Amino acid sequence: MPTEIERFGQALRQRAPDFGIQLHEEDIERLDKYYELLLKWNPRLHLVAPCSPEEFATRHLLESLLLLPHLTKGARVIDVGSGGGLPIIPCLIIRPDLDAILIESSQRKCVFLREALRPSANPLSHRLLTGRFEDTAAPAADFVTCRALDRFQELLPRLIDWAPASSTLLFFGGPAILEGIQGLVSSVQAELITGTEKRFLIVAQRA
C-alpha cells in the first residue's frame with residue numbers, strides 16, 4: 001500500500017497539468033520533504049485542517065503554485081500570515097530566484113517555518129518576522145500575498161493600506177474577499193481556481 005508521501009507525490013504528478021504547472025522529479029522530491037515535515041508538525045500546531053494527501057496536493061500545494069506565473073524573476077514577496085507555509089514555501093522550493101519575507105504572529109508556527117524554509121534553494125535569502133503585520137513596518141516588496149489570515153475580511157482594508165504603494169496584491173479567497181477588495185484598489189482581476197466554483201486567485205494593484 002502506498003505511503004502518504006507516495007500518494008502525495010503521485011497526486012502532484014497527475015494533477016499538476018490541470019493547474020498549468022510543470023513539475024520536475026527533483027521539484028516533487030523537495031515538495032515531498034515539505035509535506036513530510038508538515039505531517040510531522042501538524043498534530044501539534046494545527047497548521048492545516050486534516051485532509052488526504054491527494055487533497056493537500058491539489059487544494060493546498062498546487063493552488064499555492066498558481067502564484068508562480070505572476071511572480072517576476074527575482075521578485076521580492078511578502079507573505080502575510082504564513083502559518084503552515086502556504087502559499088510561499090512551495091513557491092520558494094520551485095523558484096530559487098525569489099526573495100521572501102514571511103510574517104507570522106504565532107511563535108510556535110515560526111519554529112515550523114524556519115524548518116520548512118531549509119529545503120528552499122536559497123534559505124538564507126529569506127526573512128521570517130514574528131508578529132502581526134499591523135505592528136510591522138511594511139518592507140519594500142514587489143508583491144504581497146495572503147492565503148489564510150485570521151479575520152481576513154475584517155483586516156482586508158488595513159492590509160491593503162499597509163502594503164507597499166507600488167506592490168501587486170495576490171490574495172486567495174471567495175466572493176466576499178473579492179467584493180471587499182473591489183473599490184479599495186485601482187485594478188482587480190480574479191482567476192477562478194482549478195477545480196473550484198467560487199474560489200479565486202485575486203490579482204490587484206494597490207495604486
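The lining of the largest pocket is made up of 11 nonpolar, seven polar and nine charged residues. This is a predicted model. The pocket holds about 490 Å³ of space. Beyond the pocket, seven strands form an open sheet with mixed pairing.

**The largest pocket**

- Of the 27 residues that line the largest pocket, Gly81, Glu104, Ala148, Leu149 and Asp150 are the closest to its centre.
- Helix α3 (53-64) supplies at least two residues of the lining.
- Strand β2 also supplies at least two residues of the lining.
- General background: a probe the size of a water molecule, rolled over the atoms, shows where empty space is left.

**The sheet**

- The strand order is β3-β2-β1-β4-β5-β7-β6.
- The edge strands are β3 (127-130) and β6 (187-192). Each of these two strands pairs on one side only.
- On average, neighbouring strands of this sheet are turned by 20 degrees against each other, direction ignored.

**The β6 edge**

- Strand β6 pairs with β7 (residues 200-205). The sense is antiparallel, and the pairing runs over six bridges.
- Valine 188 stands opposite alanine 204, which belongs to β7.

**The β3 edge**

- Helix α5 (residues 107-117) lies across β2 (99-104) and β3.
- The helix α5 runs at about 175 degrees to β3.
- Strand β2 links two topics here: α5 lies across β2, and β2 supplies residues of the pocket lining.

Note on methods: Residues are numbered from 1 along each chain as its sequence is written. This is a predicted model: local features need pLDDT of at least 70, side-chain atom pairs count only at pLDDT 80 or more; totals for chains, interfaces and linings use all residues. Side-chain values use heavy atoms; hydrogens and water are left out. Two strands pair if DSSP finds at least two bridges between them. Helices (H or I, at least four residues) and strands (E, at least two) are DSSP runs, numbered from the N terminus. Axes are lines fitted to C-alpha atoms, for helices over the stretch in contact, and angles run from 0 to 180 degrees between N-to-C directions. Contact means heavy atoms within 4.5 Å. On a 1 Å grid over the protein atoms alone, a cavity is a set of points where a 1.4 Å probe fits but cannot get out, and a pocket is an open set with protein on both sides within 12 Å along at least five of seven lines; lining residues have an atom within 4 Å of a point. Grid points are joined across faces, edges and corners, and a volume is the space filled by probe spheres set on the points. Ala, Val, Leu, Ile, Met, Phe, Trp, Tyr, Cys and Pro count as nonpolar, Asp, Glu, Lys and Arg as charged, and the others, Gly among them, as polar.
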